[in-house]
Amino acid sequence: MLLDIRHLTQYHYAAPVRESVIELWVQPQENGRQRLVGFDLEIDPQVQLFSYTDAFGNAVYHFDVPQPHENLAIQARSTVETEPAEPLPDRLDLGEWDPLNSEVLRGDCFDFLHPHGFVASTPALEAFVQNQQLHQARAFDPLSAVRAICQGVHRGLEYQHGPTKADSPIDLVLAAGRGVAQDHAHIMIAICRSWGIPARYVSGYLLTDPGQGDRSDPDVVHSWVQVFLPSLRWIGFDPTNNTPAGERHVAAAIGRDYSDTPPARGIYQGDADSALSVTVAVRQGRYAMAEPEFMRNARPAFSGPTRRQGLGGPSRQMQQQQQQ
């Protein structure tokens, strides 16, 4: 499947700011089931762009806008060719739990087995597991257990914008009973890790199809989960839509949780308030999108950044929440 992706991020400032420094995790990955056909970044004002590969193998772009500005627009354009995921077996042997408990595997997957940031076991999470009767799945083989967790998170949490923010802990999501894809992924990862199953966070894009039961918003960055099972390696599950990750999913970055993979993160120097708007469009095949329409459709996603010291003076922190 050939997918065209447009991802527009716009920062608006109430008054000119002196400088902005931004990092981006928006380039789709190259892996066994997806090939990056084309990628480019357009940034206004014009900047000198730099890149590096982070500890998880993600492509990270960064730049500095060193002159006063009131607006900053970042548009990422990608064309990706994807292949369907290999069909999964109905179940695995119960002996699959044995290699998951080996010291070698636990060392190799250390980052994806331990609590980090938004992903941690809490009393509220343990109550959720009990309420959804997921504890019974611990007697299943690992693949069946992961499927049960994915289904339980999908069943137990509504998909809704508003109740959570980029830095919301999972207890807030569990108390509200609803959240966005980021929240669903964090909760599934926390359960998997507490059961000894390595799990990592995936940030990327989804060609949504309501006809297949998708409930996620089509104009936002999406997120899902990859788990490691020794006989299958890393396989993806989307708890928001209760489906395995397939050819409609395009991975851009992986990490321990959202904090490792924010689509955009940075700081600016100045006292002005800022607002962030984000628009994402994923289409099958090549298509042409009119720039004015694309920018008109951008909707507010964030406001009221927190103050942070840096760049030699008063600065504000900017972070894009991928679903809000």
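Among contacts in the protein between residues at least 6 apart in sequence, what percentage join residues at least 24 apart? In this predicted model, the figure comes out at 77%. The chain has 324 residues, and 53% of them count as buried. As for secondary structure, there are 18 strands to go with 7 helices. The exposed area adds up to about 13,900 Å², and 49% of that is supplied by carbon and sulfur atoms.

Next, the empty space. Rolling a probe the size of a water molecule over the atoms shows where such space is left. The largest pocket holds about 740 Å³ of space. Its lining runs to 27 residues, and the ones nearest the centre are R33, A85, W234, G236 and A245. Sorted by class, that lining splits into 11 nonpolar, 9 polar and 7 charged residues. Four elements give two or more residues each to the lining, namely β10 (222-229), β11 (233-238), β12 (243-244) and β13 (249-255). Of the elements, β11 has the largest share, with 3 residues.

What about S216, which sits in the loop between β9 (199-206) and β10? Its relative accessibility is just 7%, and because the cut-off for buried is under 20%, S216 counts as buried. The side chain of S216 makes a polar contact of 3.2 Å with the side chain of N241. Leaving aside residues up to four places away in sequence, S216 touches Y159, L206, T208, H222, T240 and N241.

N242 belongs to the loop between β11 and β12. At 32% relative accessibility N242 falls between the 20% and 50% cut-offs, so this residue counts as partly exposed.

The backbone has a few oddities too. Most residues other than glycine have a negative phi, and most peptide bonds are trans. N242 goes against the phi habit, with a positive value of about 55° despite not being a glycine. Q133 is another non-glycine residue with a positive phi, in this case about 60°. Q133 is placed in the loop that links α3 (123-131) and α4 (142-156). On the peptide-bond side, the step from D44 to P45 is cis, and its omega is near 10°. P45 is again a loop residue, found between β3 (34-44) and β4 (50-53).

Notes:
Residues numbered from 1 in each chain as written. Predicted model: local features only at pLDDT ≥ 70, side-chain atom pairs only at ≥ 80, totals over all residues. Heavy atoms only, no water. Buried < 20%, exposed > 50% of the residue type's maximum accessible area, 1.4 Å probe, protein only. Contact = heavy atoms within 4.5 Å. Areas by Shrake-Rupley, 256 points an atom, 1.4 Å probe, with all protein chains shown as cover. 1 Å grid on protein atoms, 1.4 Å probe; cavity = no way out; pocket = protein on both sides within 12 Å on 5 of 7 lines; lining within 4 Å. Points joined across faces, edges and corners; volume = space filled by probe spheres on them. Nonpolar A, V, L, I, M, F, W, Y, C, P; charged D, E, K, R; others polar. Polar contact = N/O pair within 3.5 Å; in protein donor to acceptor, adjacent residues only side chain to side chain.
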